[in-house]
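Let's take a friendly walk through a few helices and see how they pack. Please keep the structure open while you read.

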Amino acid sequence: MTEPLGSVCLVLHGHLPYVLHHGAQPHGEAWLYEAAAETYLPLLDVIGELVLHKARPALTIGLTPILLEQLADDYFKSGFVDYLNERRQRAADDRRAFVQGGNVDLAPLAERWEQWYATQLETFEKIRRDIPAQFAAHARAGHIQILTSNATHAYMPLLLNDQSIAAQMSCGVATSEKQLGQKSQGMWLPECAYRPATDQWTVPPFINDPRPRPGLEKFIAAAGVNHFFVDAHMLKNGLPLGLIESGKFRPLGETQLYWDHRRGWKNPLEPVGVVSKPHAPDCYAFARHPQISEQVWSGWIGYPGGREYLEFHKKHGPAGLRYWKITDNKSDLGAKLPYKPDDIAGKIYEHAHHYCNLVRETLREYRQATGRPGTVVAPFDAELFGHWWFEGPRFLRDVLFNFNNMPEVNLTTAQAALEAKPPDKVMRLPEGSWGEGGDHQVWMNDKVKWMWEVEYRAENQMLAQLKKLPWQTKPQVKAMLERAGRQLFLLQSSDWPFVIHSGGAVDYGIQRFSGHATQFNRAIDIADTVAAGRKLSSVQQIEIQDMDAHDTAFSEIDLNWWS
């Protein structure tokens, strides 16, 4: 039997901000319905097909707590059924219009869409409208690993107070366990953003209050998590601190880096223990492999840009269906040609085999250079597969089947990789993210600086109210501060500054952040009123009803999370 050259770990990060009850088209609930139809259900189909054929999917899948909360909500479930029926009807209407207009190219495509949405609806009903339960069942059976995250995808290196980081982590881990029925040993750091310990934290330019801060690895380990993921540049620019030999930490000799070349220092194929100062690590980091990852996610040089694949941006009318292929990823939308489904299978076969061979050769080269089995880690936004790249789930299915039949490569989850080959290197990682520039610039810049000023005031106000108000003895005060905590979580989402910076949904991002900031202030004011024994005004009563109607995530807020 051929000994594996190393392992490959495919990581899919599933996340959407809280959009239920906050608009539909073009931004809002449509994001969630599209992702459920085009990514989450197809992913379950891929996993199920591999299991049916006695192949192991071995995917590492992140499902953020705020995503799980939405997928488990009855409002989503009924709305998703309505969405699928609307899409199916739209396809039927398109088909009739194309037939009447003599459009022989698009009419069959409309019929395919009609059948596709009918199949998605059938699948959703078959699993009793419970997407999280299906992922959880596959995790319990050992088919996949599920990652947790913090509560609302907050950008943790820039949060002002340690209590806010702890609260986000505690809520996230508790929510994942509640929705999945099991604890997650790994987590997805939002935006792969990490910060080590520092004696003088001064990142925000408008905070003139340098202070010592612990590294994020402390909060991760305290939440019961033992691994996370970072971008490759953070490993490359990290500081080696020691080795783990015979289960014990040994500080790195001053000259060892100069002669210990076969150890694989700073190589993305080697996970490392993460510490801020020399000692044994409590958690570990996997680094994204740049070339292996870019080959899939890039629409310019990667597979999704193939001319045969479905064009994402061109739709038949506002919020319509897609009937055209990429044709040329540099051409304008008017030059796109009709999609040809019969051309897809061969292209997916070609791309899947090319990808698997690329992984194998990467591992072979590393093995030859170091004598060590490496672990290729390829993390992607889950929504790339199916939503952005319609054929992505089929590509993923072929890749997984190929790896199952490739003895030189061990397909594995992150946790299994840690257990099979415990990391022997310990490093201090630099501050950074997987965003543009590798730093915080996407989430802290002149366009969004004002958001952080608001967020920091809210953080401080939350902590001050928890100290001042008698929430332990007055249930009404406690209930209002729980509402304030929920709004604080929701306004802390990294998605709001991202969509503003990227220009993808500027108005929506401003509206959502400002709305949660306003609701937070209202909850704090009402908590003051209740604590003072004053009667609530009719306006305040309506404000409470409005909060409860629009923001239903995290029904069990624990104020001790901020202690």
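For the helix pairs below, an axis is a line fitted to C-alpha atoms over the stretch in contact, and the angle between two N-to-C directions runs from 0 to 180 degrees. Please bear in mind that this is a predicted model.

**Two helix pairs**

Start with helix α3 (residues 74-100) and helix α4 (residues 106-126), whose axes come within 8 Å and cross at roughly 160 degrees. Angles over 145 degrees count as roughly antiparallel, and α3 and α4 are therefore roughly antiparallel to each other. Their crossing is left-handed. The residues in the contact of α3 with α4 comprise 17 nonpolar, two polar and eight charged ones.

Further along the chain, helix α14 (residues 449-468) packs with helix α15 (residues 475-491) at an angle of about 155 degrees, and the two axes are 11 Å apart. This pair, α14 and α15, is therefore roughly antiparallel as well, and the crossing of α14 and α15 is left-handed. From α14 come E455, A458, E459, M462, Q465 and L466, which meet L481, A484, G485, L488 and L491 of α15. By class, this contact of α14 with α15 has seven nonpolar, two polar and two charged residues.

Here are the two pairs set out together:

| Pair | Angle and axis distance |
|---|---|
| α3 and α4 | roughly 160 degrees, within 8 Å |
| α14 and α15 | about 155 degrees, 11 Å |

**One face of a short stretch**

Which residues of helix α10 (residues 290-297) are buried? They are I292, S293, Q295 and V296. Viewed down the axis of α10, these buried residues fall within an arc of 155 degrees, so they line one face of the helix. As general background, an α-helix has 3.6 residues a turn, so residues three or four places apart point the same way. The buried residues of α10 pack against α11 (344-370), β11 (374-381) and α12 (392-404).

**Two single residues**

Returning to helix α4, we find T123 there. Is T123 buried or exposed? Its relative accessibility is 18%, and the cut-off for buried is under 20%, so T123 counts as buried. Setting aside residues up to four places away in sequence, T123 touches L41 and D45.

I526 sits in helix α17 (residues 506-531). With a relative accessible area of 0%, I526 is buried. Beyond its neighbours within four places in sequence, I526 is in contact with M480, L536, Q540, E543, I544 and M547. I526 and L44 are 482 residues apart in sequence, and their C-alpha atoms are 44 Å apart in space.

Definitions and conventions. Residues numbered from 1 in each chain as written. Predicted model: local features only at pLDDT ≥ 70, side-chain atom pairs only at ≥ 80, totals over all residues. Heavy atoms only, no water. Helix = DSSP H or I, 4+ residues; strand = E, 2+ residues; numbered from the N terminus. Parallel < 35°, antiparallel > 145°, perpendicular 65-115°, else oblique. Left-handed = near helix turned anticlockwise from the far one by under 90°. Nonpolar A, V, L, I, M, F, W, Y, C, P; charged D, E, K, R; others polar. Buried < 20%, exposed > 50% of the residue type's maximum accessible area, 1.4 Å probe, protein only. Arc of directions from axis to C-beta. Contact = heavy atoms within 4.5 Å.
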